[in-house]
There are 4 protein chains.
Amino acid sequence: MAARVGLWMVGAWGGVATTVATGLSALRQGLSAPVGLVTAKEPLASLPWADWGDLTIGGHDIRETTYAAEAQVLWEKSRVFSPDLLNRVADDFAVWDQNIQSGVLVNVGDRIRSLAGEKSRSYLAESPLQAIARIRKDLENFREQHRLDRLIVVNVASTEPTVDPALAELDWPQMQKRLGATEPIKLPSSSLYAIAAFECGASHVNFTPSVGTDLPALSELALIQGVVHCGRDGKTGETLLKSVLAPMFAARNLQVNSWVGHNIFGNLDGKVLDDPANKATKVKSKDHLLTEILGYKPQTLVSIEYIESLGDWKTAWDHIHFEGFLGTKMAMQFTWQGCDSLLAAPLVLDLVRITELEARLGGKGLLPFVGSFFKSPMGCSTPEFASQYQQLLEWAQLRQSQFEKK
Amino acid sequence: MAARVGLWMVGAWGGVATTVATGLSALRQGLSAPVGLVTAKEPLASLPWADWGDLTIGGHDIRETTYAAEAQVLWEKSRVFSPDLLNRVADDFAVWDQNIQSGVLVNVGDRIRSLAGEKSRSYLAESPLQAIARIRKDLENFREQHRLDRLIVVNVASTEPTVDPALAELDWPQMQKRLGATEPIKLPSSSLYAIAAFECGASHVNFTPSVGTDLPALSELALIQGVVHCGRDGKTGETLLKSVLAPMFAARNLQVNSWVGHNIFGNLDGKVLDDPANKATKVKSKDHLLTEILGYKPQTLVSIEYIESLGDWKTAWDHIHFEGFLGTKMAMQFTWQGCDSLLAAPLVLDLVRITELEARLGGKGLLPFVGSFFKSPMGCSTPEFASQYQQLLEWAQLRQSQFEKK
Amino acid sequence: MAARVGLWMVGAWGGVATTVATGLSALRQGLSAPVGLVTAKEPLASLPWADWGDLTIGGHDIRETTYAAEAQVLWEKSRVFSPDLLNRVADDFAVWDQNIQSGVLVNVGDRIRSLAGEKSRSYLAESPLQAIARIRKDLENFREQHRLDRLIVVNVASTEPTVDPALAELDWPQMQKRLGATEPIKLPSSSLYAIAAFECGASHVNFTPSVGTDLPALSELALIQGVVHCGRDGKTGETLLKSVLAPMFAARNLQVNSWVGHNIFGNLDGKVLDDPANKATKVKSKDHLLTEILGYKPQTLVSIEYIESLGDWKTAWDHIHFEGFLGTKMAMQFTWQGCDSLLAAPLVLDLVRITELEARLGGKGLLPFVGSFFKSPMGCSTPEFASQYQQLLEWAQLRQSQFEKK
Amino acid sequence: MAARVGLWMVGAWGGVATTVATGLSALRQGLSAPVGLVTAKEPLASLPWADWGDLTIGGHDIRETTYAAEAQVLWEKSRVFSPDLLNRVADDFAVWDQNIQSGVLVNVGDRIRSLAGEKSRSYLAESPLQAIARIRKDLENFREQHRLDRLIVVNVASTEPTVDPALAELDWPQMQKRLGATEPIKLPSSSLYAIAAFECGASHVNFTPSVGTDLPALSELALIQGVVHCGRDGKTGETLLKSVLAPMFAARNLQVNSWVGHNIFGNLDGKVLDDPANKATKVKSKDHLLTEILGYKPQTLVSIEYIESLGDWKTAWDHIHFEGFLGTKMAMQFTWQGCDSLLAAPLVLDLVRITELEARLGGKGLLPFVGSFFKSPMGCSTPEFASQYQQLLEWAQLRQSQFEKK
Ligand SMILES: NC(=O)c1ccc[n+]([C@@H]2O[C@H](COP(=O)([O-])OP(=O)(O)OC[C@H]3O[C@@H](n4cnc5c(N)ncnc54)[C@H](O)[C@@H]3O)[C@@H](O)[C@H]2O)c1
Ligand SMILES: NC(=O)c1ccc[n+]([C@@H]2O[C@H](COP(=O)([O-])OP(=O)(O)OC[C@H]3O[C@@H](n4cnc5c(N)ncnc54)[C@H](O)[C@@H]3O)[C@@H](O)[C@H]2O)c1
Ligand SMILES: NC(=O)c1ccc[n+]([C@@H]2O[C@H](COP(=O)([O-])OP(=O)(O)OC[C@H]3O[C@@H](n4cnc5c(N)ncnc54)[C@H](O)[C@@H]3O)[C@@H](O)[C@H]2O)c1
Ligand SMILES: NC(=O)c1ccc[n+]([C@@H]2O[C@H](COP(=O)([O-])OP(=O)(O)OC[C@H]3O[C@@H](n4cnc5c(N)ncnc54)[C@H](O)[C@@H]3O)[C@@H](O)[C@H]2O)c1
Ligand code: NA
Ligand code: NA
């Protein structure tokens with residue numbers, strides 16, 4: 001692998017992105033074992049992935065900060081990383097900081113807008129088409145400057161409010177037209193970034209619950225442009241467990257009466273999700289699963305609350321009330337104490353590797369075999385984690401056999 | 001289905017068996033939905049199972065009691081069943097009580113022997129071969145008296161102490177010979193019951209961690225006699241969850257550092273397992289799994305403690321300490337509050353249905369596709385619950401297509 | 001003790017009241033040990049309490065039902081009581097049912113009004129003063145019919161929405177006047193019941209978070225009438241634990257950063273509290289405590305959610321995030337699985353006994369020594385459970401010595 | 001306060017002692033708020049405590065290491081402290097390291113002996129009297145070298161195996177004689193250290209479950225020598241919670257049927273307690289409490305298991321099964337995730353302050369008012385945390401009023 005690959009993160013200085021940067025630098029320097037990386041484990045590990053050393057980080061953010069500062073916050077509030085590690089990744093941080101550009105604030109809602117710094121706010125008046133053009137320019141510059149062979153855009157920006165369902169009724173020509181109208185449709189930034197990416201031939205991964213590429217018009221555009229994409233909303237905690245546990249209740253024909261999930265955490269993502277408009281997007285992404293797996297709708301409750309002292313430590317309590325033989329009610333409870341960004345970042349790197357490989361092999365359109373990575377997997381035929389993971393293994397086997405043939 | 005099927009339970013008046021009896025009577029009378037029965041859910045539900053009405057219960061026990069008395073204890077101590085239900089199954093109870101014979105006490109260890117009543121103790125001096133002969137006679141009488149077309153023996157007796165590993169080195173002719181020696185080999189009752197079953201053409205399900213049929217000699221005998229069998233140790237609680245959750249940690253390449261499981265419960269099974277000799281058998285059955293699934297051995301701890309006030313409510317607390325990206329340590333904890341006998345009984349009925357169907361179709365030897373039912377599944381190629389369940393579904397599909405062809 | 005004591009419950013057919021009735025009948029017949037009764041334990045036990053046999057139940061409710069029906073629901077949904085016990089209390093139930101009158105719906109809010117049956121709805125148009133008069137008549141009839149020596153009114157009715165704070169600025173003459181105005185002040189039913197009670201010389205216990213007697217005007221009236229009263233909101237679950245645990249964090253100088261409490265349950269009380277207006281009253285009652293005990297305000301969160309399958313089983317999960325020496329963050333979590341009505345009912349009986357004793361001894365006004373029973377104890381000088389309990393013991397000792405002197 | 005105070009720790013380089021050293025240095029330099037220090041909170045805070053700057057650390061240990069090395073292990077395994085803090089306390093560490101002498105191995109059992117380094121092993125053959133003499137010399141040297149006004153010896157060494165109960169039958173003259181016999185009595189090191197301390201006029205705090213001063217002969221000696229002492233076994237986790245929660249169950253007359261506590265942790269203390277001989281001492285110290293508080297003995301279970309990955313993070317799960325009104329069984333569970341050394345160290349500093357103050361004021365014998373600090377408090381009249389804390393407050397008030405008078 002001597003190809004040069006650009007990893008462009010939207011939300012480039014956020015918790016997940018900062019952890020991606022820290023981890024990538026650590027992996028490049030051999031400072032850390034690839035624990036938590038799905039692609040680092042056999043049988044996937046032997047596919048011809050891009051080398052860590054071939055990746056360069058760039059991105060957009062609306063806040064003005066640095067990797068060093070953001071990593072320091074994670075260390076101080078959540079005791080992740082270590083001062084020693086942060087020293088050793090400082091050089092990479094300084095280089096990558098140079099590649100971060102001012103983000104787009106079109107239709108992001110009040111809460112996100114309130115986070116924006118001076119520079120991004122200076123673009124507040126820009127139209128959707130102007131925003132797309134600006135993003136494209138940033139991407140092209142990045143590509144040229146670093147002589148990239150391939151470019152993957154990953155959305156790890158704050159969760160946007162939910163969008164008008166009517167957006168799903170437009171095809172790409174209609175959408176394009178309505179974007180240029182005097183009163184343009186209210187397409188949120190997550191989709192504008194994706195359009196820009198597609199238009200300049202970049203692949204796209206939507207790691208957030210924001211709508212991003214999850215619209216027919218964008219699927220169409222991806223095919224037209226011959227790029228690959230996948231998403232929606234990285235599956236790292238409670239929902240991961242739901243997709244693992246609920247199939248057991250189904251297989252055993254145990255009747256789930258209620259499934260209550262309370263999530264508390266205290267990072268910036270939590271602060272954004274504390275706004276009901278933004279939270280709705282996340283809750284929706286977390287709540288459809290059980291019905292799909294069980295085949296009926298138990299009473300469910302998903303709460304997400306911002307508790308500052310927890311920092312990046314997402315703590316979830318789930319109470320599952322089920323009924324067994326002869327109407328006997330039983331209960332399972334679990335608590336999950338995971339560090340959100342540390343769970344997410346390796347998956348982002350996995351998805352970049354997978355997407356890059358498929359792009360390299362000339363794939364296009366939606367990647368349907370990465371359902372195990374997402375809460376609301378686009379194009380995936382099954383909601384069960386084990387089956388989703390099986391699909392990934394089967395894809396790997398297929399690719400493996402193709403490479404072996406060559 | 002007009003065939004008559006005998007369900008012969010060893011440990012016939014125990015908690016699991018009493019719940020099987022209660023549940024079977026309730027199902028026959030349409031008093032309860034088949035919740036908790038795997039075979040009652042599509043796609044399995046449409047296989048041509050034996051009707052509940054075709055089943056008759058018999059068995060061996062070493063204690064002298066009645067279904068009514070045992071069910072009353074479960075109700076009083078654990079608030080399962082309901083007085084109303086118990087009234088309505090009383091007639092079936094009375095009939096089935098008549099079919100329970102005195103059990104065998106050969107090599108069962110002190111703890112189990114201490115439970116035995118007068119009648120069973122009167123056989124204390126019997127030799128292994130005498131025991132086998134007596135069991136056979138009881139089985140033959142049952143078969144004749146109820147004009148049974150098929151007979152399934154299910155071991156739901158107390159967990160025996162672990163056995164001499166040298167027993168696994170004998171083939172059937174050697175074992176047979178050594179059973180008749182003046183100092184016969186120390187084969188425990190669970191295996192004697194199985195031998196008797198096989199010898200009179202009955203199928204066998206070992207729902208306990210006792211060795212039962214899990215010896216090469218007995219596998220050989222099953223093939224010689226053309227009977228089917230399966231086992232070992234019903235998977236109803238913590239171990240079920242391990243086989244569901246551990247694959248997730250493996251798939252995500254999260255390093256499990258330690259997995260601690262504490263189980264507390266207060267039924268008769270718990271009292272028997274409170275003896276270190278008997279507990280060893282159970283802990284062994286619960287503890288091999290993680291290494292198989294993860295591919296390495298994390299520090300594990302499994303404790304099982306008798307806490308009287310809990311009755312049949314098995315409460316388990318598991319603490320899973322794992323390491324993610326960049327060495328970050330995280331934790332998952334769960335508590336499981338399940339009613340043991342109520343979780344086990346429907347699986348016993350499922351296994352009877354499945355075994356009966358295979359016997360009816362002329363199968364012989366080990367059933368390898370029921371791994372999802374057992375903690376230490378004999379002949380099963382995978383330790384993961386989802387894959388095990390997949391094997392069951394594939395078997396069902398195969399059978400379904402065969403039946404449809406006809 | 002040969003005095004006859006009336007126990008008049010507002011919310012007479014609710015979960016708590018039905019459990020009070022069941023328990024009182026069981027205690028009268030010696031069917032149950034007095035577990036859960038504070039006054040049944042030494043040193044309190046030897047005070048000259050009213051005998052269980054001296055108590056007669058009556059009350060108001062807005063729904064039309066019977067004790068047998070309500071107890072049956074508790075049994076079926078929550079597996080509390082037992083059919084056997086319910087048979088044995090059936091006669092008392094039938095007698096007491098006769099003493100239940102139609103309740104008052106003045107200013108109770110939409111949610112409660114929606115529960116009302118025909119009879120109570122027929123009084124929908126009544127004015128506050130008419131309501132008071134009707135309640136008084138019901139109380140007087142009860143007193144006469146049963147030749148009662150003393151009458152205790154206990155509010156165990158559904159939680160009302162919060163009230164206008166301006167009500168706390170009125171003295172009794174002003175309130176009385178404004179109650180008779182053409183546009184009368186919006187005093188809720190809980191207070192109207194209390195006024196009626198006071199006016200006919202009955203004592204009052206407010207076991208709910210509804211405002212009831214917690215207004216200066218009503219305190220004034222109690223003194224005028226020479227009756228005793230106490231309240232507010234029985235302390236049976238999470239808040240009890242807060243008042244027990246928070247003092248430990250304070251005493252150890254451990255800094256509580258956040259205390260999150262999630263409560264789920266599925267009884268009628270839960271359904272009423274599912275209305276934001278009613279819930280606000282309860283959350284307020286649960287949330288002031290920590291600041292009082294700790295001396296600073298940690299981030300707190302109290303959620304109460306209606307999860308039908310749980311029935312009367314209130315399940316609470318609390319996550320306490322605290323900071324120790326050298327800034328080290330630690331956590332304590334607890335889950336509480338308590339049966340709400342069964343925790344509440346013995347406290348109601350305790351409070352009736354205590355109130356009756358004080359009334360008998362000629363006390364008047366607020367009882368300040370029963371703070372340990374309440375979430376928002378009126379007139380109590382300390383928020384810590386241990387100190388509150390100490391106050392109760394000191395009162396008991398004082399009374400004991402007085403009785404011994406005699 | 002210009003007096004110079006020596007804090008001599010037995011087990012000077014252990015986890016608790018290292019945290020005491022780190023914390024003391026941080027407090028002296030004003031690097032940390034005194035969170036977790038009971039004496040730093042009003043009303044105690046205003047007593048005339050020794051200044052942090054007046055304290056000098058010395059001690060005995062059997063291992064050869066340094067504070068820097070031990071603190072580094074705590075940081076690496078358990079993520080407590082921070083590299084930055086460790087830099088800033090390095091100078092104090094270096095000075096205090098000089099004051100640590102080789103420990104005594106008389107009657108410490110196999111497990112502890114296996115930890116000893118070269119230097120301490122060179123004294124393996126020493127007799128009890130020789131050991132006492134050596135300890136005295138070390139203490140005298142320390143006192144002289146640092147011109148100390150007062151000296152407090154604190155036992156924070158590994159938990160010893162339990163001792164022969166007959167030791168409790170000796171008075172001091174008998175013990176002294178039997179210590180010098182050719183076959184001397186088997187008095188463990190914890191007591192030899194205490195004897196040496198008393199003999200040279202130092203006060204003593206026993207923070208461990210080892211027997212230490214908890215023998216009539218030693219109490220006698222303390223009075224003879226006019227020194228103060230207290231102990232036994234710092235109360236920092238599960239037992240603290242038991243002494244806080246059990247009084248609630250008692251006060252509410254709720255019947256505790258069983259109380260199960262499982263403790264897991266992975267520090268050196270855990271490794272020592274993994275030996276059944278040593279564990280017995282700890283379990284005994286943890287298990288007597290409930291019976292004392294409740295007035296009856298529920299079924300109890302206390303397990304302590306060494307789980308390496310947890311490091312200093314003691315994680316406890318407690319399951320409390322209790323019975324309420326009408327025989328209803330309910331449950332409370334809690335998990336405690338505390339960092340053991342960080343919970344213990346401030347209490348050690350509190351006890352040093354309190355002991356020093358009492359010694360300064362000319363006190364002698366057992367301090368009965370510090371029961372809240374200990375699992376098995378010597379001379380304390382109540383097992384309930386709230387009452388124990390009350391005793392501390394009353395003592396503080398008394399002293400305060402004495403100081404104000406002057
Ligand atoms: N385990 C996880 O952390 C996890 C799992 C699944 C999904 N996610 C999602 O990933 C996203 C990132 O999570 P996080 O914890 O890093 O959040 P974060 O708040 O730390 O980071 C988000 C970043 O996006 C930036 N941003 C917001 N709007 C932007 C815009 N329009 N253009 C450019 N930048 C913008 C913010 O300034 C911030 O730096 C969130 O949507 C979250 O819901 C996270
Ligand atoms: N969820 C579950 O309950 C579950 C799950 C997996 C396995 N198991 C196993 O199933 C078995 C039964 O569990 P249970 O809860 O019903 O236990 P139990 O103690 O209530 O019943 C066991 C019965 O076996 C009888 N018995 C003992 N030795 C016998 C012998 N030699 N011959 C005949 N009868 C004998 C006893 O008298 C008793 O009636 C145990 O081995 C248990 O470990 C149970
Ligand atoms: N552990 C506990 O159960 C507990 C603890 C503290 C406080 N409380 C409070 O006690 C009260 C009763 O709880 P519950 O579980 O019995 O609730 P519930 O809903 O079962 O019973 C309330 C009863 O009050 C009746 N009611 C409502 N408004 C009325 C009115 N204006 N006049 C007369 N009757 C009326 C309802 O019809 C119902 O029968 C609630 O306010 C609850 O918050 C309960
Ligand atoms: N929260 C807590 O940490 C806590 C609470 C209560 C009691 N304790 C007790 O405090 C003690 C110390 O705990 P820790 O976590 O620091 O243990 P640790 O194992 O880290 O430290 C014990 C130290 O004692 C030394 N030691 C052992 N025997 C000795 C001897 N005879 N003379 C001199 N030194 C000796 C060891 O070398 C070690 O350095 C233990 O007994 C523990 O049970 C601790
Ligand atoms: Na069982
Ligand atoms: Na209630």
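## Terms and model

A polar contact is a pair of N or O atoms within 3.5 Å; within protein, one atom must be able to donate a hydrogen and the other to accept it, and residues adjacent in sequence count only if both atoms are side-chain atoms. This is a predicted model, in which local features need pLDDT of at least 70 and side-chain atom pairs count only at pLDDT 80 or more, while totals for chains, interfaces and linings use all residues. Residues are numbered from 1 along each chain as its sequence is written, chains are lettered from A and ligands numbered from 1 in the order in which they are written, and side-chain values use heavy atoms, with hydrogens and water left out.

## Ligand 3 in chain C

The side chain of Thr236(C) offers an N or O atom 2.9 Å from a nitrogen atom of ligand 3. Two backbones also take part. A polar backbone atom of Ser158(C) sits 3.3 Å from an oxygen atom of the ligand. One of Gly11(C) is 3.5 Å from a nitrogen atom of ligand 3. On its own, ligand 3 has 830 Å² of accessible area, and the protein covers 98% of it (Shrake-Rupley method, 1.4 Å probe; for residues, only the protein chains shown count as cover).

The shell around ligand 3 holds 30 residues (a residue is near if one of its heavy atoms lies within 4 Å). Gly15(C), Val16(C), Asp61(C), Ala157(C) and Tyr193(C) are the closest. By class, the shell has 14 nonpolar, nine polar and seven charged residues. Here Ala, Val, Leu, Ile, Met, Phe, Trp, Tyr, Cys and Pro count as nonpolar, Asp, Glu, Lys and Arg as charged, and the others, Gly among them, as polar. In chain C, α1 (15-28), β2 (55-61), α12 (268-273) and α15 (340-360) each give at least two shell residues. These elements are DSSP runs numbered from the N terminus: helices are H or I with at least four residues, strands E with at least two. Ligand 3 lies between domain 1 (5-234 + 342-402) and domain 2 (238-339) of chain C, because both give residues to its shell. Domain bounds come from an automatic or database domain assignment.

## Ligand 4 in chain D

Asp61(D) puts a side-chain N or O atom 2.6 Å from an oxygen atom of ligand 4. The side chain of Thr236(D) reaches a nitrogen atom of ligand 4 at 3.0 Å. A backbone N or O atom of Ser158(D) is 3.3 Å from an oxygen atom of the ligand. The protein covers 98% of the 830 Å² that ligand 4 has accessible on its own.

Of the 30 residues around ligand 4, the nearest include Asp61(D) and Tyr193(D). The shell splits into 14 nonpolar, nine polar and seven charged. Domain 1 (5-234 + 342-403) and domain 2 (238-338) of chain D each give at least three residues.

## Domains of chain A

Chain A is assigned domain 1 (5-234 + 342-403) and domain 2 (238-338). Their centres, taken over C-alpha atoms, are 26 Å apart. The contact takes 23 residues from domain 1 of chain A and 29 residues from domain 2 of chain A (contact means heavy atoms within 4.5 Å).

## Copies and axes

Two copies of a chain are related by a rotation about an axis and a shift along it. A turn of 180° and a shift of 0.0 Å along the axis lay chain A on chain B with an RMSD of 0.0 Å. Copies are superposed by least squares on the C-alpha atoms of residues with pLDDT of at least 70 in both. Phe334(A) has the C-alpha of chain A nearest this axis, 2.0 Å from it. Chains A and B meet through the same surface, because 100% of the interface residues of chain A are also interface residues in chain B.

Chain D goes onto chain A by a turn of 180° and a shift of 0.0 Å along the axis, with an RMSD of 0.0 Å. These two copies are therefore related as by a two-fold rotation axis. The same surface serves both: 100% of the contact residues of chain D recur in chain A.
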